[in-house]
Every structure is written in C-alpha cells, then in structure tokens.
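Thanks for coming. I will go through one structure today and keep to side chains: rings, charges and cysteines. Please have the model open in front of you.

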Amino acid sequence: MPRSTAAAVAIKPPVKNARMLRKIDCVMVRVPDLPSAVEFYTQVFGLRPLWRDASAVGMGMPETDAEVVLHTMDLPRDRSVHYLVDDVLDAVATGQSAGCLVREHPFETAIGLCAVLEDPFENTLCLLDMSKGPRVV
C-alpha cells in the first residue's frame, strides 16, 4: 500500500537547487561472474570496459558518458539507476524537506558519497556525487 497518493503530496520548494538530479550516472547490473559478464556485454551489446576494481567493471556506451556497471556486490536490485547530484548531503536534505524518506543514509563510495531516498510514491532514488573525483580510466 503506497504511503501517499499523488493528490495528497504537498510539493515543497527545494532547499538549494531546482536542478538536483543532473543526469543518470550509471546503471548497476549485478552479475555472478565479472569476466564472463564483461565478455558478454562487450560482444553482445558492444560496450567497452572503462575501469575495473575487485568487485565491479564500468562499461562504456558509445553515445553517452553514463556507464553500465557490472558488479558482484551485495546491493539490492531495486537500486540500479544512480542519479548524479552536485552534493549528496544537500540532495538528501532537499529530498527530506520535500517528503522523501532516507532508505540508506549517505555512505562513501570510490568517487564520493551515495544515499538512497524513497519518494512519496515509493520509488527508490539512488543519489551519487563525485566529491572524490571520477575514477581514473
């Protein structure tokens, strides 16, 4: 049962920035085996490896800088799309003030901070900033 309906949602003004969601940064795809997944996504979908670490490989697409990140991490599957924001802490504050719930408080990633919000319609939004800078390609 949704905790709110569209008619009952009161839109509040943003705390800082009306353009909080800047772009889709990545789509996280959980796989059981990185080498075979990288080979498959390269050969079948035409993606190319951009970076890799022990638990993930960032795959590039030809017409966007958004990445498909193949990973073996224990992340919930409903959190696959990550939206790039300027500052996760500010974005969480803005979301909370507008009625979003915090499902995952800000935590560190290789490139910055990440947090997970739930909007009043029970949709998950993964927010990511690059406060530590982009991965080295």
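Which residues form one aromatic cluster? They are Phe-40, Tyr-41 and Phe-45. Before I go further, please note that this is a predicted model, and every value I quote is computed from it.

Staying with the rings, the structure has 3 aromatic pairs. One of them is Phe-40 with Tyr-41, in an edge-to-face arrangement. The ring centres are 5.9 Å apart and the planes meet at 70 degrees; an angle over 60 counts as edge-to-face, so the pair falls in that class. The two partners sit in unlike surroundings as far as the labels go: Phe-40 is partly exposed at 42% relative accessibility, while Tyr-41 is buried at 18%. Buried means under 20%, so Tyr-41 qualifies.

There is also a charge on a ring to look at. Arg-135 places its charged end over the ring of Trp-51, at 3.5 Å from the ring centre.

Next, the salt bridges. How many does the structure hold? The count is 6, and I will show three.

Start with Asp-86 and Arg-22, where the closest N and O atoms are 2.9 Å apart. This bridge joins distant parts of the chain, 64 residues apart. Asp-86 lies in the loop between strand E5 and helix H2, and Arg-22 lies in the segment before E1. Asp-86 is exposed, at 52% relative accessibility, and Arg-22 is partly exposed, at 48%. The cut-off for exposed is over 50%, which is why these two values carry separate labels.

Another bridge runs between Asp-74 and Arg-30, with the closest N and O atoms at 3.5 Å. Here again distant parts of the chain are linked, 44 residues apart: Asp-74 is in the loop between strand E4 and E5, and Arg-30 is in strand E1. Asp-74 is exposed, with a relative accessible area of 72%, and Arg-30 is partly exposed at 27%.

The last one I will show is Glu-108 with Lys-132, at 2.9 Å between the closest N and O atoms. Glu-108 is in strand E6 and Lys-132 is in the segment after strand E8, 24 residues apart. Glu-108 is exposed at 60%; Lys-132, at 47%, is partly exposed.

Now a charged residue without a bridge. Asp-25 is in strand E1, which covers residues 23-30. Is Asp-25 buried or exposed? Asp-25 is buried, and it has no salt bridge. The nearest side chain of opposite charge is Lys-23, 4.9 Å away. A salt bridge needs the atoms within 4 Å, so that pair does not count. What does Asp-25 touch, apart from neighbours within four places in sequence? Its contacts are Asp-65, Ala-66, Glu-67, His-82, Tyr-83, Leu-84, Leu-128 and Met-130.

Finally, the cysteines. Searching the whole structure gives 0 disulfides. For Cys-114, the nearest cysteine sulfur belongs to Cys-126 and is 5.6 Å away. A disulfide requires the sulfurs within 2.5 Å, so Cys-114 is in none. Cys-114 is buried, with a relative accessible area of 3%. Cys-100 is also buried, at 16%.

That is the tour. I will take questions now.

Terms used. Residues are numbered from 1 along each chain as its sequence is written. This is a predicted model: local features need pLDDT of at least 70, side-chain atom pairs count only at pLDDT 80 or more; totals for chains, interfaces and linings use all residues. Side-chain values use heavy atoms; hydrogens and water are left out. Buried means under 20% relative accessible area, exposed over 50%, partly exposed in between (1.4 Å probe, protein chains only). Helices (H or I, at least four residues) and strands (E, at least two) are DSSP runs, numbered from the N terminus. Lys and Arg count as positive and Asp and Glu as negative; His and the chain ends are not counted. Contact means heavy atoms within 4.5 Å. Rings of Phe, Tyr and Trp (its six-membered ring) pair if their centres lie within 6.5 Å; planes under 30 degrees apart count as stacked, over 60 as edge-to-face and the rest as tilted. A charge sits over a ring if NZ of Lys or CZ of Arg is within 6 Å of the ring centre and within 35 degrees of the ring normal.
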